[in-house]
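The exercises below ask you to read contacts and pairings from a model, working from each residue outward. Please try each task on the displayed structure before turning to its solution.

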Amino acid sequence: MQLEERKLKEIEHSDQRRSIVRAYEYHTDASKDNSKREFITTDEEYNYHFSNMKFYSITRSSFAYRDRLLFHDIVNKKTLDYCCGNGEIAIEMGKKGAGNVTGIDISQVAVNNANKIAQNENLDKVCSFKVMDAEHTEFADNSFDTIHEYGALHHLDLDAAFKELARILKPDGRLICTEALRHNPLISAYRKKTPHLRTEWEAEHILGVPEIMSGKKYFQTVNLKFFHLCALFAVPIRNTSFFKPLLSIFEKVDDVLLRIPYIQKMAWIAVVQYGNPKK
C-alpha cells in the first residue's frame, strides 16, 4: 500500500503499543483478573505508554451500554470490527454468536495478535483479521449487518471514514462507535501533558460533538449518549474497597447531569449509534 505520511506514523505508533500489550488493552490496575497481565511484555513499558489506562477503571457504564447496542440481534450476522486493535471486541462478537466476524487494522502487529487470540479461543473459523486501510477498505458495498468502532475515528480522515462506513454497511445495518470527547478543559490539559500517548494527528483530531454529528452527511440516524463526568472523581480511589459503591453514586449523578445540553459536552466518553446509511 502507498500510504500517506500520517498513516505511516500511525502504523509505527500502533505497532509499538500492540507489541507492549498483545491483548486486553483496556485492562487497568483496578482489574481483578491478574491473568491478563500475561499479555503485557514489560511493566515498565506498560506504565509509560499506557499510563492513561487507570481512567478505564470507571468505564463500566459506557461499556455496558455499548454492549447492549452491539450484541443486540447479532446472532448469525455478518460483523466488522473496524480498526480492531488486538481484536478483543471482535472475539466477543464471535462468542455472542455472530455468524462471521472480520477485523481490520492498519497495524500488522495488531492483526497478528488478534489472529492468535482467535486461535486460542477456538474462534478462528468465525473470526478473521486483515491488515487494511480503514479509509479505503476492500469490501463490497452493503457487506455488514453490524460494524463496531472504538477510539479510532480520531485517527482517520473523518469524512473519508464515514463515507466508507456508510458504503459497506447494509441499508438496515448499525454502526456502533465509542469515542473520547475533546470539550472538557481538564481532560484536554491531561492530553497535552502526555503527548507520548498519541500521535500528533490523533492529538489534533479528538472528536467533539460537531464532528460526531457530521456523520449525518452519510447516515440518516445518529443517536448519541454521554458518559463519565463525575465518575472521573472515582479514578484516584480505584484500588480501594469503597471504589465500586462511590462509582455507582457518581454514575447516577452523571445519568442526570449528562442530560443537560451544555454539561453533556464535558463528558469524557460518547457512545454513538449510526443507522440508515445514505447510499
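A salt bridge is taken here as a side-chain nitrogen of Lys or Arg lying within 4 Å of a carboxyl oxygen of Asp or Glu. The structure is a predicted model, and a search of the whole of it finds 20 such salt bridges.

**Exercise 1.** Determine how far apart the closest N and O atoms of Arg182 and Glu211 are, and which parts of the chain the pair links.

*Solution.* Begin with the distance: the closest N and O atoms of Arg182 and Glu211 are 2.9 Å apart, and the two residues form a salt bridge. Next, place the partners, for Arg182 sits in the loop between β5 and α7 (185–193) while Glu211 belongs to helix α9, so that the pair links distant parts of the chain, 29 residues apart. Finally, consider accessibility: Arg182 is partly exposed at a relative accessible area of 32%, and Glu211 also counts as partly exposed, at 26%.

**Exercise 2.** Work out where Ile206 lies, whether it is buried or exposed, and which residues beyond its sequence neighbours it contacts.

*Solution.* First locate Ile206, which is found in the loop between α8 (200–204) and α9 (209–213). With a relative accessible area of 9%, Ile206 falls under the 20% limit and is therefore buried. Then list its partners, leaving aside neighbours within four places in sequence: Ile206 is in contact with His154, Ala180, Leu181, Arg182 and Arg191. Arg182 in this list is the residue that forms the salt bridge with Glu211 in Exercise 1. As a last step, note that the C-alpha atoms of Ile206 and Ala152 are separated by 9.8 Å, although the two residues are 54 residues apart along the chain.

**Exercise 3.** Establish which elements are tied together by the salt bridge of Lys170 with Asp145, and whether each partner is buried or exposed or in between.

*Solution.* The side chains of Lys170 and Asp145 meet at 3.2 Å, taken from N to O. Because Lys170 lies in strand β5 (residues 169–180) and Asp145 in strand β4 (residues 144–150), the pair ties together parts that are 25 residues apart in sequence. Lys170 is partly exposed, with a relative accessible area of 25%, whereas Asp145, at 15%, is buried.

**Exercise 4.** Describe how helices α1 and α5 pack, and identify how Asn86 is joined to Asn113.

*Solution.* Start with the geometry: helix α1 (residues 5–20) and helix α5 (residues 108–120) pack at an angle of about 35°, their axes being 7 Å apart. In this contact, Asp15, Arg18 and Ser19 of α1 meet Gln108, Val109, Ala110 and Asn113 of α5, and these residues divide into two nonpolar, three polar and two charged. Now turn to Asn86, which lies in the loop between β1 (78–82) and α4 (88–95) and is buried, with a relative accessible area of 1%. Not counting residues up to four places away in sequence, Asn86 touches several residues, among them Arg18, Ala110 and Asn113, which also take part in the contact of α1 with α5. With Asn113 the link is a polar contact of 2.8 Å between the two side chains.

**Exercise 5.** Identify which residues are linked with Glu4 in a network of salt bridges.

*Solution.* Following the pairings outward from Glu4, one finds Arg6, Lys7, Asp133 and Glu135 linked with this residue in the network.

Methods
Residues are numbered from 1 along each chain as its sequence is written. This is a predicted model: local features need pLDDT of at least 70, side-chain atom pairs count only at pLDDT 80 or more; totals for chains, interfaces and linings use all residues. Side-chain values use heavy atoms; hydrogens and water are left out. Axes are lines fitted to C-alpha atoms, for helices over the stretch in contact, and angles run from 0 to 180 degrees between N-to-C directions. Helices (H or I, at least four residues) and strands (E, at least two) are DSSP runs, numbered from the N terminus. Contact means heavy atoms within 4.5 Å. Ala, Val, Leu, Ile, Met, Phe, Trp, Tyr, Cys and Pro count as nonpolar, Asp, Glu, Lys and Arg as charged, and the others, Gly among them, as polar. Buried means under 20% relative accessible area, exposed over 50%, partly exposed in between (1.4 Å probe, protein chains only). A polar contact is a pair of N or O atoms within 3.5 Å; within protein, one must be able to donate a hydrogen and the other to accept it, and residues adjacent in sequence count only if both atoms are side-chain atoms.
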